[in-house]
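User: Please present the model so that we may study how its elements are arranged.

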Amino acid sequence: MHIFSLFVAALSLGVPLAGASAEIPSTPAGKVLAGYLEAVNSGNKDKLETFIKAHRPDRPDALDRMLDLRWNTGGFDVYSVESSQALNIEAVLREREGYGRYNRMSVAVSDGEPAVITNISLMVIPPPDGAPVAERLTQPAAVAAWTAEIDKAAANGKFSGVWLWAKNGKMITSGARGKADRERRIDNTLDTRFRIGSMNKMFTAVATLQLIERGKLSLDDTLGKLLPDYPNTNVASKVKVRHLLSHTGGTGDIFGPKFEAHRLELKTLQDYVKLYGQRDLQFEPGTKWEYSNYGFLLLGVLIEKLSGKSYYNFVAQNIYQVAGMTNSVSEPESVDVANRSKGYMRDQFEMVSNEPTLPWRGTSAGGGYTTAADLMKFAGALMSNKLLKAETLAEATRPQFTTGDYGFGFQLGRPDEARTFGHGGGAPGMNAILRVYPETGQSVIVLCNLDPPSASRMGDWLHAHMQVR
């Protein structure tokens, strides 16, 4: 969550923040919201710490959160105040960088002096009715503006990686910025391999769906039918393959204190099952959507069981080779891999190596590494039905739950926009996105060796400005 301080002398009179389009009421909650925005927008450690001490003394860890917000958004301007009471306020904020996404922030404070935050939330929302939105650009104009946006981010230390925009396999624009290895001063190039995190879920989903097409299992098979010796019988009897593919199985995550304690001991997919397999359901399968890395880990276990091959070999033979992806692998981190970038994560105001956070090896839930060109080949192989039948891909890329933004291993675009599918990946020191526009044959790929949202910010910028036709 977040925390704040009271730099609100002028604001106590109802004066709007610089650059904002709405006034913040001078209520206790309004003053705290204004102080929060003033502190975040400053990016100044002393101001941030002063605010935290005054308004969230129980959350000294809020400094990292607030610094991250400043780094990731460039700060906020107030677009509108939706509701305001003495101790509660809800406002719509517009991000200053990127294409100006909108967020809804809610703040509740205690009745006292200074007012202490009791609850706070921040959520990205669609642009409000009548709000300024990004201008749609012709392709040449979009190429020039996107490159300029990437150059600006790279100059500010917020982009290090590659980008590629293609249509029907033909390049529209591509390039590289930043260092693949800062210590050895090696530049990123289009041949650089980047870790892709959860983008690997697409490969896991495709592999699972291939096995379904071959009659090895069905979407409605339970985990227990396929893995009779699974440790938790409740999970085994209720969770179906479709639940695992769509994050509706209630199978939970793998990251947290337990993972940190065993990070380098988890060398096989079965090692994860040994660690987490006794755990019960988080909710009844099919009743809720909740992102589950463990669910995709279990899909990898199923792939190994039903194919008789390691997960890595099955994906290599049935996806990478078929699509012509010659630079996509998932070797252990201890293996020296040619052209693989190093990852760098922010520690407040410093950039440090992400090596202490890396798993022993990528899994079916995420990991491995690839190039932009290989991901373009993957997108092409999907759209030309080399990897999946047309009807299977259509099912995988339609909403599988009421939330509407996830299929079977594919993230989906908003229903009011041009149809898209793909996936992102993010972890300390890595961020990546693939967005496919099936109706126009376009694909957009951005890979970075920095923290999120270094890649997704750039992909979202282009998505907001390109003319999809």
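**Sheets, helices and rings**

User: Which residue in strand 15 is the bridge partner of Gly424?

Analyst: This is a predicted model, in which local features need pLDDT of at least 70 and side-chain atom pairs count only at pLDDT 80 or more, while totals for chains, interfaces and linings use all residues. Residues are numbered from 1 along each chain as its sequence is written, and side-chain values use heavy atoms, with hydrogens and water left out. Helices (H or I, at least four residues) and strands (E, at least two) are DSSP runs, numbered from the N terminus. Strand 14 (residues 421–427) and strand 15 (residues 430–437) run antiparallel and are joined by 7 bridges; in strand 15, the partner of Gly424 is Ile433.

User: Which strands stand at the edges of the sheet with the order 6-5-16-15-14-13?

Analyst: This open sheet is formed by 6 strands with antiparallel pairing; two strands pair if DSSP finds at least two bridges between them. Each edge strand has a single partner strand, so one side of each is left without a neighbour in the sheet; the edges are strand 6 (170–177) and strand 13 (411–412).

User: Which strands does helix 4 touch where it packs on the sheet?

Analyst: The direction of helix 4 (residues 139–155) makes about 15 degrees with that of strand 6. Axes are lines fitted to C-alpha atoms, for helices over the stretch in contact, and angles run from 0 to 180 degrees between N-to-C directions. With contact meaning heavy atoms within 4.5 Å, helix 4 touches strand 5 (161–167), strand 6 and strand 16 (442–448).

User: What angle does the direction of helix 15 make with that of strand 15?

Analyst: Helix 15 (residues 456–465) also packs on the sheet, where it touches strand 5, strand 15 and strand 16. Its direction and that of strand 15 make an angle of about 25 degrees.

User: What is the average twist from one strand to the next in the sheet with the order 1-2-3-4?

Analyst: This open sheet has 4 strands and antiparallel pairing. Strand 1 (76–84) and strand 4 (117–125) stand at its edges, each with a single partner strand, so one side of each is left without a neighbour in the sheet. From one strand to the next, the twist averages 20 degrees.

User: How many residues lie between strand 1 and strand 2 in their hairpin?

Analyst: Strand 1 and strand 2 (residues 88–95) pair in the antiparallel sense over 7 bridges. Across this pairing, Val81 stands opposite Ala91, and Phe76 has Glu95 as its bridge partner. The number of residues between the two strands of the hairpin is 3.

User: Which residue in the turn between strand 2 and strand 3 has a positive phi?

Analyst: Strand 2 is joined to strand 3 (residues 102–109) by 7 bridges, and the two run antiparallel. In strand 3, Arg104 is the bridge partner of Val92. The hairpin has 6 residues between the strands, and a positive phi of about 70 degrees is found in the turn at Gly98.

User: How many nonpolar residues take part in the contact of helix 5 with helix 12?

Analyst: The axes of helix 5 (residues 200–213) and helix 12 (residues 311–323) come within 10 Å and cross at roughly 80 degrees. The two helices are therefore roughly perpendicular (under 35 degrees counts as roughly parallel, over 145 as roughly antiparallel, 65 to 115 as roughly perpendicular and the rest as oblique). Among the residues in contact are Asn200 and Phe203 of helix 5 and Tyr311 and Phe314 of helix 12. Ala, Val, Leu, Ile, Met, Phe, Trp, Tyr, Cys and Pro count as nonpolar, Asp, Glu, Lys and Arg as charged, and the others, Gly among them, as polar; the contact has no charged residues, 4 polar residues and, as nonpolar residues, 9.

User: Which residues of helix 13 make the contact with helix 5?

Analyst: The axes of helix 5 and helix 13 (residues 372–383) come within 13 Å and cross at roughly 35 degrees. From helix 5, the contact involves Met202, Phe203 and Val206; from helix 13, it involves Leu375, Phe378 and Leu382.

User: What arrangement do the rings of Phe203 and Phe378 adopt?

Analyst: The structure holds 11 aromatic pairs, where rings of Phe, Tyr and Trp (its six-membered ring) pair if their centres lie within 6.5 Å, and planes under 30 degrees apart count as stacked, over 60 as edge-to-face and the rest as tilted. Phe203 lies in helix 5 and Phe378 in helix 13, so their pair ties together parts that are 175 residues apart in sequence. The ring centres are 4.9 Å apart and the planes stand at 90 degrees, so the pair is edge-to-face.
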